[in-house]
Every structure is written in C-alpha cells, then in structure tokens.
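Please open the structure in your viewer and have the selection tool ready. The tour below proceeds stop by stop, stating what to select and what is found there.

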Amino acid sequence: MDAVRIGRIETPRAVLWDLDGTLIDSEPLWHAEEQQFVQRAGGIWTATDRRALIGMTMTESSIYLLSRSPRPPTSDVDEVSHRIIDGVITRLTHRVPWCAGAPDLLDHLTAHGIPQALVTSAWPAFIEAAIGHLPRDTFTVVIDGQSVQHGKPHPEPYRTAAKRLGFRPADCLAIEDSEPGIRSATAAGVPTLAITDRDTTQTRVVTRPTLEGLTMTSLGEAFHDARLLLT
C-alpha cells in the first residue's frame, strides 16, 4: 500500500492502537466490580480504597478486596480475580465505554483504507468483549499479551504489529496513553501520538488531550512531527 498524501502531508501507512485508556476507558467498570464485591461481602468501599488499588496487579487487588470483605463468597485469591474479570467482561458486552472520538477515528481510518492493528496486553476475552461490536475488518492484526514473549514497555509488541502488517515501524503511527505503552512504541521506532492531558516524561512523542476532532490532515501532521522527534 502506498502512503496517502493529504496536500503536502504524508499519512501513516498503518495505525497501531493501544486499547484500554486509548480506545476505551474501562476504569469505571473495574471500580464498579470491586465496589460491588466488597459491599456484597458486607464491607464498606470508599474513594480511599479505590485509589489504593491504582498500580496493583490483579492478584494484589484481589488480596486487598478480601481484606475489606467481612464475609467474602470465597477466600481463594485466583477465584476473586476471575470473578472481577468476568464481571468487567460482562459489563463490556452490554456497553463499551469508548474514549471520546475513538469510534469516529476508527471509521475514518477504515474509510480511507488505512490498516489498523490493536496492540494490547489485555487477555483475549477482554479484547473480544471490547471490540466485538466493531466490524470484523476494523483491525487487520491483533497483538495481545499471548502473542509476544515480552509485553510493554518492551518494544516487541509494536515491532511485531508492524512486521505482521508488512510495514517498517517508522512508517506506522502508534496511538497510546500510558508511559509503558509510549516507551514500547518509541523503543520499537514507531512515531507515537500520546493521548493524555497529563505531563509525560516521554519527550519524543506528539501529545494531544483527546482523539476528538482528529482528521486525516491532523493525523498526518501528528505523524510527521512524531517521526521527526524519533530521528
């Protein structure tokens, strides 16, 4: 596929998407499941508890939930993890919490024939629930946590996505929101658009607070600037 030019701006040959925090915002779904688990077990759940879970692994979160639950339905940590995960997936199948502007940009890229890949550390059932309502041809390639030996921030996920699409990393654009994801993409040599309204320590990326309003022209400009930052 030849690069598309909008005026003097060259667009990326492919767009490599992160999932959670970039395309969808599942954080409220996790909070709802965690709160429900504790309250059904006779506990009290507060904003302090919610903040305490930030950055924890699934196992660590489950241990914490049990510590806040006087009468849990199970004391098995793995079982608690599965209950929370299954609950979030069920919520996703009913309503996908798209980030602002995400569905429009996905449709826009598809309409312009730009191949898209999903690059995420999420497990397959979560991915399927999140993107199951989209047309099947939206993503040409899906790289999940089981597709690579090393997850983000290692460059392998983004290198693998570009290779499977048949393009050089430098000819693709990654869209990310997290520090590990940004580091993964830039280490792979992929120009990166960071969707964040917070300061980032990563200086070789173009930042934007939201996907809303992105067009092929503005995406091409972001790609151009991000590619320069990597050289």
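Begin by selecting strand β6, residues 172–176. In this predicted model, both faces of β6 are covered. On one side lie C172, A174 and E176, on the other L173 and I175, and all of these are buried. Buried here means that a residue has under 20% relative accessible area. The strand as a whole is mostly covered, with five of its five residues buried.

Next, add strand β3, residues 14–17, to the selection. The strands β3 and β6 pair in the parallel sense over four bridges. To locate one of the contacts between them, display A14, whose bridge partner in β6 is C172.

Which strand pairs with β6 over three bridges? Select β7, residues 192–195, which also runs in the parallel sense with β6. Here E176 has A194 of β7 as its bridge partner. Now trace the chain from β6 to β7: the path passes through helix α8, residues 179–187, and this β-α-β crossover is right-handed.

The next stop is the nonpolar interior. Select W17, L19 and L23, the residues with the most contacts inside the largest nonpolar core, which has 47 residues. Helix α4, residues 77–94, supplies the largest share of this core, namely six residues. Apart from this core lies another, of 17 residues, including A14, I143, V148 and A174.

Remain with L23 and display its surroundings. Leaving aside residues up to four places away in sequence, L23 touches W17, D18, P97, W98, C99, A102, L106, L118 and F139.

Turn then to helix α6, residues 124–131. Which of its residues are buried? They are F126, I127, A129, A130 and I131. To see what they pack against, colour helices α1 (27–40) and α4 together with strands β4 (116–119) and β5 (141–143).

The final stop is the largest pocket, which holds about 1400 Å³ of space. Select D20, G21, S26, E27 and D177, which lie nearest its centre among the 39 residues of the lining. The elements that give two or more residues to this lining are α1, α3 (58–67) and α8. Which of the elements gives the most to the lining? Helix α1 does, with four residues. Helix α8, which lines the pocket here, is also the helix through which the chain crosses from β6 to β7.

How values were computed
Residues numbered from 1 in each chain as written. Predicted model: local features only at pLDDT ≥ 70, side-chain atom pairs only at ≥ 80, totals over all residues. Heavy atoms only, no water. Core = buried A, V, L, I, M, F, W, Y, C linked by side-chain atoms within 4.5 Å. Buried < 20%, exposed > 50% of the residue type's maximum accessible area, 1.4 Å probe, protein only. Contact = heavy atoms within 4.5 Å. Pairing = 2+ DSSP bridges. Right-handed = clockwise from strand over helix to strand, strands pointing away. 1 Å grid on protein atoms, 1.4 Å probe; cavity = no way out; pocket = protein on both sides within 12 Å on 5 of 7 lines; lining within 4 Å. Points joined across faces, edges and corners; volume = space filled by probe spheres on them.
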